[in-house]
Protein chains: 2
Amino acid sequence: MPTTAAAALSIEALFSTDARAFVPSAIRALSPLINDPTVISFAAGVPNPETFPAGELSKACARVLADLPKRALQYDATAGYLPLRERVAARSVAKGIATSAAETLLTTGSQQGLDLVSRVLLDPGDVVLVEVPTYVGALVTLAGRRAQPVGVLRTAEGIDVDHLVATVARLRSEGRRVKALYTIPNFQNPAGTAMKKGAKDALAEACGRLRIAVLEDDPYGELLFDEGGGWDTTPLASRLPSATVYMGSFSKTLSAGFRVGWLHGPNELMAKAELAKQASDLCSSTFTHAVLDSYLGACDYEAHLAGLRGFYRERKEILLAALREHFPEGSRFTDPAGGLFSWGELPEGIDTKALLARCVAETRVAYVPGEPFVVEGDARRFLRVTFAKESPEKLVEGARRLGAFFRAERA
Amino acid sequence: MPTTAAAALSIEALFSTDARAFVPSAIRALSPLINDPTVISFAAGVPNPETFPAGELSKACARVLADLPKRALQYDATAGYLPLRERVAARSVAKGIATSAAETLLTTGSQQGLDLVSRVLLDPGDVVLVEVPTYVGALVTLAGRRAQPVGVLRTAEGIDVDHLVATVARLRSEGRRVKALYTIPNFQNPAGTAMKKGAKDALAEACGRLRIAVLEDDPYGELLFDEGGGWDTTPLASRLPSATVYMGSFSKTLSAGFRVGWLHGPNELMAKAELAKQASDLCSSTFTHAVLDSYLGACDYEAHLAGLRGFYRERKEILLAALREHFPEGSRFTDPAGGLFSWGELPEGIDTKALLARCVAETRVAYVPGEPFVVEGDARRFLRVTFAKESPEKLVEGARRLGAFFRAERA
């Protein structure tokens with residue numbers, strides 16, 4: 001075997017500049033701590049799989065493989081299975097997005113949507129504005145393009161538009177190319193915050209005026225469980241259609257394990273995104289598309305969503321009440337009207353990252369420290385908690401133990 | 001609605017340099033001609049979906065959603081569902097690849113494997129050697145990285161190693177960075193050719209000596225249906241483990257519509273490829289992985305493969321016999337020992353691309369002209385035909401009509 005010459009080659013000598021810049025998710029480094037299955041997890045970044053309609057999906061699988069096996073088991077168009085694109089587009093139109101099946105690209109979760117759009121829009125060094133805090137997975141995708149994330153303030157009401165305008169002006173005066181804003185408007189990961197109508201209007205107006213694209217990531221928009229707050233879940237894409245890319249997903253509502261999301265955007269961009277997908281993976285799984293299409297045709301998805309909202313509302317109320325009862329004075333948690341997450345701020349002097357290992361060891365409760373979510377500023381007092389994973393009893397018990405731990409730290 | 005400023009923005013003004021270089025598959029432009037469902041298709045680039053085990057897959061879906069719904073419907077590790085990685089790795093080890101589940105990344109078809117590896121290895125302008133002819137989809141992925149494909153001759157016996165060595169020397173003398181060879185060693189798309197042991201040994205030795213990576217795309221290796229030719233389907237990865245990336249797929253054997261492939265490679269490269277996948281789409285569909293794992297655990301995959309080989313061998317023999325009978329003198333077709341395709345060379349003066357539209361109109365038979373597969377040289381007399389799609393009767397009838405058409409052109 002001619003291995004002598006081969007042994008001398010290190011494959012690393014051939015790596016691309018992009019590969020040298022790849023960064024793992026900052027949450028991954030914490031994985032041994034936060035993914036220990038024996039602890040109560042406020043750390044999980046995933047929906048509760050008990051909410052997925054396994055029985056109905058099983059029936060849909062059987063229907064698809066009985067009725068259209070040759071189509072469902074074959075390659076499909078790069079854009080995805082047309083009947084599902086039609087259903088997705090119709091739902092988006094009902095939300096105010098001017099789109100159609102032809103302008104809908106099915107993706108491997110909304111994460112692939114962001115990757116495809118990043119390939120279409122971003123050169124190395126381009127600036128993408130991101131919320132502080134923001135979704136860690138988006139930072140990974142932006143790093144994969146060697147784009148530069150720069151923070152804009154996300155408040156309880158939305159994005160601080162004055163800060164955004166000033167930031168763009170400053171960056172441009174420094175000669176930097178500001179291409180886009182990445183935002184999760186509805187029940188954001190990690191903060192759980194949403195936006196009101198005026199805040200969305202002002203944000204879309206500012207981005208249009210600044211001529212930056214809006215990358216609207218909306219995996220949680222269907223999970224509005226508290227109608228009373230006046231939160232507006234209508235898409236930014238309905239306000240700024242010429243420059244908004246909308247990313248949706250079934251991952252939080254029907255199955256995270258199917259990995260089916262979608263992308264809408266201006267025609268010129270969609271044409272390029274489809275080419276980017278062709279280069280990335282030819283097409284997604286026809287079978288998962290056909291199963292979701294069959295489910296949506298046979299089942300009452302709206303009723304399923306209503307049940308899901310009730311499930312998460314109850315968990316949220318239980319967790320928030322317990323956090324308020326047990327956490328030290330001066331702690332604050334966002335009170336989300338939807339989604340899966342709350343974002344906590346602890347009193348001065350507490351360092352959530354430094355304390356994580358000891359906390360998990362002593363309390364057997366895990367959270368995610370704030371730092372991975374924050375591209376600038378001090379996140380030491382912050383943490384993300386989810387009410388999605390644990391039972392009501394464990395939510396209360398976890399809050400009690402965690403609160404006692406942080407109270408002791410304060411003492 | 002603040003659409004005035006927005007209307008003035010063209011999203012194209014924000015496009016990346018990569019996006020400007022995206023090219024659609026050259027076969028796509030021919031799609032209205034070659035994908036007309038009313039014609040006999042020798043053009044399809046896909047397996048025959050009748051060969052997929054729909055009934056067994058349906059049972060596997062039911063088992064998975066009854067036995068492990070919470071796991072199968074949830075996100076998974078970026079590398080994919082561990083039990084399937086273990087099965088894939090065990091099969092690869094049996095083929096001589098020194099790998100393990102930990103060194104196996106499940107991908108969206110082998111196409112995503114190529115994209116991930118391209119992200120890890122290729123900077124704009126880097127040269128990737130490709131076979132003449134080669135798989136069109138690989139050229140699309142390489143264009144997505146702005147890499148430069150340069151041709152090396154693929155003969156009936158393998159790659160012309162002298163030509164490869166001379167090509168690398170010439171390119172390097174011109175100051176160009178030659179990073180890799182992309183090859184489909186077994187029953188290549190489009191040529192149907194394979195390699196013998198000596199040719200594979202010599203190729204691996206040359207690539208090791210030249211210090212280029214080998215991107216070994218092997219979707220057809222399981223489809224060796226003619227054992228008599230002395231063809232060696234053992235992987236190049238078993239010969240040059242330090243520099244070979246092996247891409248496999250279930251798309252031709254169990255389901256193209258599941259989109260499940262895999263990647264093996266040197267550890268340092270696999271770590272980067274996993275980060276590239278995290279940036280691309282977080283993870284593939286846990287559900288499709290779990291279903292394939294359940295199928296492989298419950299069914300006799302080897303017997304299924306044996307049936308598949310018999311199916312394609314029969315079709316190949318029928319088509320080749322009919323082509324030999326009906327095509328004009330001076331025509332030559334490769335006689336593949338596996339896979340789905342044969343590559344034809346017609347007599348002087350025939351231009352397969354120029355004739356395609358009239359041929360389809362007159363004969364109602366479609367083929368793919370050679371040009372899209374060939375990065376350099378004259379492909380006018382070449383065409384790709386597949387025996388995968390049509391029934392034996394239609395294969396004979398199609399060959400008869402197509403042969404008559406080209407004989408008339410010769411007259």
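1. A nonpolar core is a set of buried Ala, Val, Leu, Ile, Met, Phe, Trp, Tyr and Cys residues joined through C-beta atoms within 7 Å. In this predicted model, the largest such core holds 255 residues, and the members that touch the most others are Ala213(A) and Ala213(B).

2. Which residues does Ala213(A) touch, leaving aside those up to four places away in sequence? Within chain A they are Leu121(A), Lys179(A), Ala180(A), Ala243(A) and Val245(A). From chain B come Ile11(B) and Leu14(B).

3. The contact between the chains involves 81 residues of chain A and 81 residues of chain B. On the side of chain B that touches chain A, helix α11 (residues 267–281) of chain B gives the largest share, nine residues. By kind, that side of chain B has 41 nonpolar, 22 polar and 18 charged residues.

4. A turn of 180 degrees, with a shift of 0.0 Å along the axis, lays chain B on chain A with an RMSD of 0.0 Å. The two copies are therefore related as by a two-fold rotation axis. Cys61(B) has the C-alpha nearest the axis in chain B, at 3.4 Å.

5. Of the interface residues of chain B, 100% are also interface residues in chain A, so the copies meet through the same surface.

6. Chain B also contains an open sheet of four strands with antiparallel pairing, in the order β9-β10-β13-β12. Its edge strands, β9 (332–333) and β12 (368–369) of chain B, each pair on one side only. Strands β10 (residues 341–345) and β13 (residues 382–386) of chain B run antiparallel and are joined by five bridges. Ser342(B) stands opposite Val385(B) in β13(B).

How values were computed: Residues numbered from 1 in each chain as written. Chains lettered and ligands numbered in written order. Predicted model: local features only at pLDDT ≥ 70, side-chain atom pairs only at ≥ 80, totals over all residues. Buried ≥ 20, exposed ≤ 12 C-beta atoms within 10 Å, placed from the backbone. Contact = placed C-beta atoms within 7 Å. Pairing = 2+ DSSP bridges. Helix = DSSP H or I, 4+ residues; strand = E, 2+ residues; numbered from the N terminus. Nonpolar A, V, L, I, M, F, W, Y, C, P; charged D, E, K, R; others polar. Least-squares fit on C-alpha atoms with pLDDT ≥ 70 in both.
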